[in-house]
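This note sets out, point by point, what may be read from the structure shown below. Please keep the sequence and the view side by side while reading.

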Amino acid sequence: MGNCRQSSVAVFPGSFDPVTVGHIDLIERSATVFDKIIVAVACNQEKTPLFTVAERIKMIEDIFIDSDNVQVETFSGLLIDYLKRRQVNVVIRGLRAVSDFEYEFQMALMNHKLAPGIETFFMTSSALYTYVSSRIVKELASLGGDVSDLVHPLVEEKIKDKYS
Ligand code: PNS
């Protein structure tokens with residue numbers, strides 16, 4: 001034990017289109033529990049994203065520039081295949097409300113069935129952020145609403161560029 005302890009790494013996957021204050025809170029909190037968090041930006045979503053994968057990665061990297069144990073990557077294909085390649089067996093997902101549960105439960109069970117060594121850890125979002133989602137941010141911004149409470153200032157600037 002002692003010096004022999006293996007470092008713990010977890011993957012925080014998502015679309016992050018764009019990253020919100022809710023995501024930031026979950027990443028910061030999980031980075032205090034695990035030695036390293038890999039934020040994995042999915043690039044094979046069917047939906048048309050507002051931001052390119054490169055833009056999404058850059059925003060997260062810039063926000064976490066001072067966090068040595070937060071790393072940002074992208075993946076395509078199945079999450080479990082990416083986890084196997086990276087040799088990580090822990091996935092972190094956030095739960096905001098009961099409505100998130102069914103989809104998250106289904107995904108966690110499916111990933112566990114496909115790759116039994118992989119475990120999903122759920123974190124409850126902070127009460128302050130239960131109503132925040134990337135979809136709400138985009139809808140509000142596209143209609144000229146104020147998103148300054150919902151995203152980091154760096155992201156707010158990029159969204160304004162997109163909709164101007
Ligand atoms: O931020 P999101 O959109 O809720 O993230 C969902 C994401 C990207 C984590 C999920 O759709 C995913 O893992 N996609 C990769 C394909 C995959 O492995 N699907 C799960 C099979 S059950």
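1. The model under review is a predicted one. A convenient place to begin is helix α6, on the face turned away from its buried side: the exposed residues there are Pro153, Lys160 and Asp161. What, then, are the buried residues of α6? Helix α6 spans residues 153-163, and its buried residues are Val155, Glu156 and Ile159. Seen down the axis of α6, these buried residues fall within an arc of 105 degrees, so they line one face of the helix. The cover over them includes α2 (53-63) and α5.

2. The loop between α5 and α6 contains Asp149. Is Asp149 buried or exposed? With a relative accessibility of 62%, Asp149 counts as exposed, because the cut-off for that class is over 50%. Asp149 may also be related to Asp161 of the previous point: the two are 12 residues apart along the chain, and 18 Å separates their C-alpha atoms.

3. Helix α3 (79-86) may be read in the same manner as α6. Its buried residues are Leu79, Ile80, Tyr82 and Leu83. Viewed down the axis of α3, they fall within an arc of 160 degrees, so they line one face of the helix. Against which elements do the buried residues of α3 pack? They pack against the strands β1, β2 (36-42), β3 (70-75) and β4, and against the helix α4.

4. Directly after α3 comes Gln87, in the loop between α3 and β4. The phi of Gln87 is positive, about 55 degrees, although this residue is not a glycine. Gln87 is exposed, with a relative accessible area of 75%.

5. A positive phi is also found at Phe16, near 50 degrees, again in a residue other than glycine. Phe16 lies in the loop between β1 and α1. Is Phe16 buried or exposed? Phe16 is buried, its relative accessible area being 2%. The student should therefore note that Phe16, at 2%, falls in the buried class, whereas Gln87, at 75%, falls in the exposed class.

6. The loop between β1 and α1 also holds Pro18. The peptide bond that runs from Asp17 to Pro18 is cis, and its omega is near 0 degrees.

7. Ser133 is placed in the loop between β5 (119-124) and α5. It is buried, with a relative accessible area of 14%, and the class follows because buried means under 20%. What does Ser133 touch, leaving aside residues up to four places away in sequence? On that count, Ser133 touches Thr20 and Arg96. In addition, a polar atom of the Ser133 side chain lies 3.1 Å from the backbone nitrogen of Ile136.

8. The largest pocket deserves a separate point. Its volume is about 1200 Å³. It is lined by 46 residues, of which Gly14, Ser15, Lys47, Arg93 and Tyr103 are the closest to its centre. At least two lining residues come from each of β1 (9-14), α1 (21-30), α3 (79-86), β4 (90-95), α4 (98-114) and α5 (134-142). Which element gives the most to this lining? It is α4, with 8 residues. By class, the lining has 21 nonpolar, 16 polar and 9 charged residues.

9. The enclosed space should be considered as well. How many cavities of 30 Å³ or more does the structure hold? It holds 1, and about 40 Å³ of space lies in the largest cavity. The residues that line the largest cavity are Leu79, Val91, Arg93, Glu104, Met107, Ala108, Asn111 and Thr120. Both β4 and α4 supply at least two residues of this lining, and α4 gives the most, with 4 residues. Sorted by class, the cavity lining has 4 nonpolar, 2 polar and 2 charged residues.

10. Some residues and elements appear in several of these points. Arg93 is among the residues closest to the centre of the largest pocket, and Arg93 also lines the largest cavity. Leu79 is one of the buried residues of α3 and is likewise in the lining of the largest cavity. Helix α4 gives the most to the lining of the largest pocket and the most to the lining of the largest cavity.

Technical notes: Residues numbered from 1 in each chain as written. Predicted model: local features only at pLDDT ≥ 70, side-chain atom pairs only at ≥ 80, totals over all residues. Heavy atoms only, no water. 1 Å grid on protein atoms, 1.4 Å probe; cavity = no way out; pocket = protein on both sides within 12 Å on 5 of 7 lines; lining within 4 Å. Points joined across faces, edges and corners; volume = space filled by probe spheres on them. Nonpolar A, V, L, I, M, F, W, Y, C, P; charged D, E, K, R; others polar. Buried < 20%, exposed > 50% of the residue type's maximum accessible area, 1.4 Å probe, protein only. Arc of directions from axis to C-beta. Contact = heavy atoms within 4.5 Å. Polar contact = N/O pair within 3.5 Å; in protein donor to acceptor, adjacent residues only side chain to side chain.
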